Amino acid sequence: MQNNHTIIFPEGDSIEPMQLADLIAVHQLECASQQEPWSLQHFADELDNPVATVILYWHCGQLAGFLCSWLIAGELQIQNLATLPALRRRGVAARLLEHAIARSRVAGLTSVWLEVRASNAPAIALYKRFGFSACGKRCAYYPDGEDALIMTFDAVRSEE
Ligand SMILES: CC(C)(COP(=O)(O)OP(=O)(O)OC[C@H]1O[C@@H](n2cnc3c(N)ncnc32)[C@H](O)[C@@H]1OP(=O)(O)O)[C@@H](O)C(=O)NCCC(=O)NCCS
């Protein structure tokens, strides 16, 4: 999946950078998806953060998903990722990940990192299918005491 730099979209679907006007829709999707949602201000701050990029997946004019990442010294950190519940298992998150990785390769990507709740089976399945592997654990990382798995993806090896 990670080697496919030409992303194939169903008709009517596209990925675009987040704009100020998208903030409310993004925050609504966040609230429908996450146990501890980011605030609207958190997303607004990403727009002002020079290392941050938020990309949005549009399906026939409807916001279907988003991915927030930071690219620092060749390392891409996935900060947040969600797909609208009604549009899951259609490849939205996979295409967002492919897009973020392909864009970052142009800027010298070496590795991708993320933290995921240890109980988040759908997200862990997505990342494993993509080629990520678990490389550590942060104990009681989340406010409710749940552990985080640290997962990584070697972007150099995956291109060989
Ligand atoms: C995790 C999440 C982003 C996946 O989004 P999605 O658009 O449904 O994922 P995709 O359709 O691109 O899935 C790609 C592959 O990932 C795996 N996968 C995704 N969801 C899965 C699930 N519920 N169970 C098992 N495997 C799953 C599958 O291998 C899937 O391919 P397949 O459908 O051909 O079997 C979505 O479930 C979500 O928004 N969850 C709540 C927010 C969240 O947990 N974000 C991640 C934080 S780290």
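Trainee: How does the radius of gyration of the protein chain sit against that of a compact globule?

Mentor: Good place to start. A compact globule with 160 residues would have a radius of gyration near 15 Å, and the protein chain has 15 Å, so the two agree. Do keep in mind that this is a predicted model. Along its principal axes, the C-alpha trace spans about 40 × 35 × 30 Å.

Trainee: Which secondary structure elements should I look for, and in what order along the sequence?

Mentor: The protein chain holds four helices and seven strands. Reading along the sequence, you will meet them as β-α-α-β-β-β-α-β-α-β-β.

Trainee: What share of contacts joins residues at least 24 apart?

Mentor: Take the contacts between residues at least 6 apart in sequence: 59% of them join residues at least 24 apart.

Trainee: Now the strands. In which sense do S3 and S4 run, parallel or antiparallel?

Mentor: S3 and S4 run antiparallel, joined by eight bridges. For a landmark, find Gly 65, which stands opposite Thr 83 in S4. The hairpin of these strands has two residues between them, and Ala 73 there takes a positive phi near 50°.

Trainee: And how many bridges link S4 and S5?

Mentor: Four bridges, this time in the parallel sense. One pair to check on screen is Leu 76 with its bridge partner Val 112 in S5.

Trainee: Let's go inside. What is the general idea behind a nonpolar core?

Mentor: In soluble globular proteins, nonpolar side chains tend to be buried together. In this model, 26% of the 160 residues count as buried. The largest nonpolar core has 32 residues, and the members touching the most others are Tyr 57, Phe 66, Leu 67, Leu 96 and Ile 101. Two or more residues come from each of helix H1 (23–33), strand S2 (52–59), strand S3 (62–72), S4, H3, strand S5 (111–117) and strand S7 (148–154). H3 gives the most to this core, with six residues.

Trainee: Which residues does Leu 67 touch, not counting those up to four places away in sequence?

Mentor: Leu 67 touches Ile 55, Ile 78, Leu 81, Leu 96, Leu 97 and Ala 100.

Trainee: Ile 55 is on that list. Why does it count as partly exposed?

Mentor: Ile 55 has 18 other C-beta atoms within 10 Å, so it is partly exposed; a buried residue needs 20 or more. Ile 55 has its place in strand S2. Leaving aside neighbours within four places in sequence, its contacts include Ile 15, Pro 17, Met 18, Phe 66 and His 99. You can also compare positions along the backbone: the C-alpha atoms of Ile 55 and Gly 65, ten residues apart along the chain, are separated by 8.5 Å.

Trainee: Last topic, the ligand. Which residues come nearest to it?

Mentor: Of the 20 residues around the ligand, Thr 83, Arg 88, Ala 93, Pro 122 and Ala 125 come nearest. Strand S4 (75–83), helix H3 (92–106) and helix H4 (121–130) are the elements that give two or more residues to the shell. The shell divides into ten nonpolar, six polar and four charged residues.

Trainee: Which element gives the most to that shell?

Mentor: H4 does, with five residues. H4 is itself hardly covered, with one buried residue among its ten. Just after this helix you will find Gly 131, whose phi is positive, near 110°.

Definitions and conventions
Residues are numbered from 1 along each chain as its sequence is written. This is a predicted model: local features need pLDDT of at least 70, side-chain atom pairs count only at pLDDT 80 or more; totals for chains, interfaces and linings use all residues. A residue is near a molecule or strand if its C-beta atom, placed from the backbone, lies within 6 Å of it. Ala, Val, Leu, Ile, Met, Phe, Trp, Tyr, Cys and Pro count as nonpolar, Asp, Glu, Lys and Arg as charged, and the others, Gly among them, as polar. A nonpolar core is a set of buried Ala, Val, Leu, Ile, Met, Phe, Trp, Tyr and Cys residues joined through C-beta atoms within 7 Å. A residue is buried if 20 or more other C-beta atoms lie within 10 Å of its own, exposed if 12 or fewer, and partly exposed in between; C-beta atoms are placed from the backbone. Two residues are in contact if their C-beta atoms, placed from the backbone, lie within 7 Å. The radius of gyration is taken over C-alpha atoms; the globule rule is 2.2 Å times the number of residues to the power 0.38. Two strands pair if DSSP finds at least two bridges between them.
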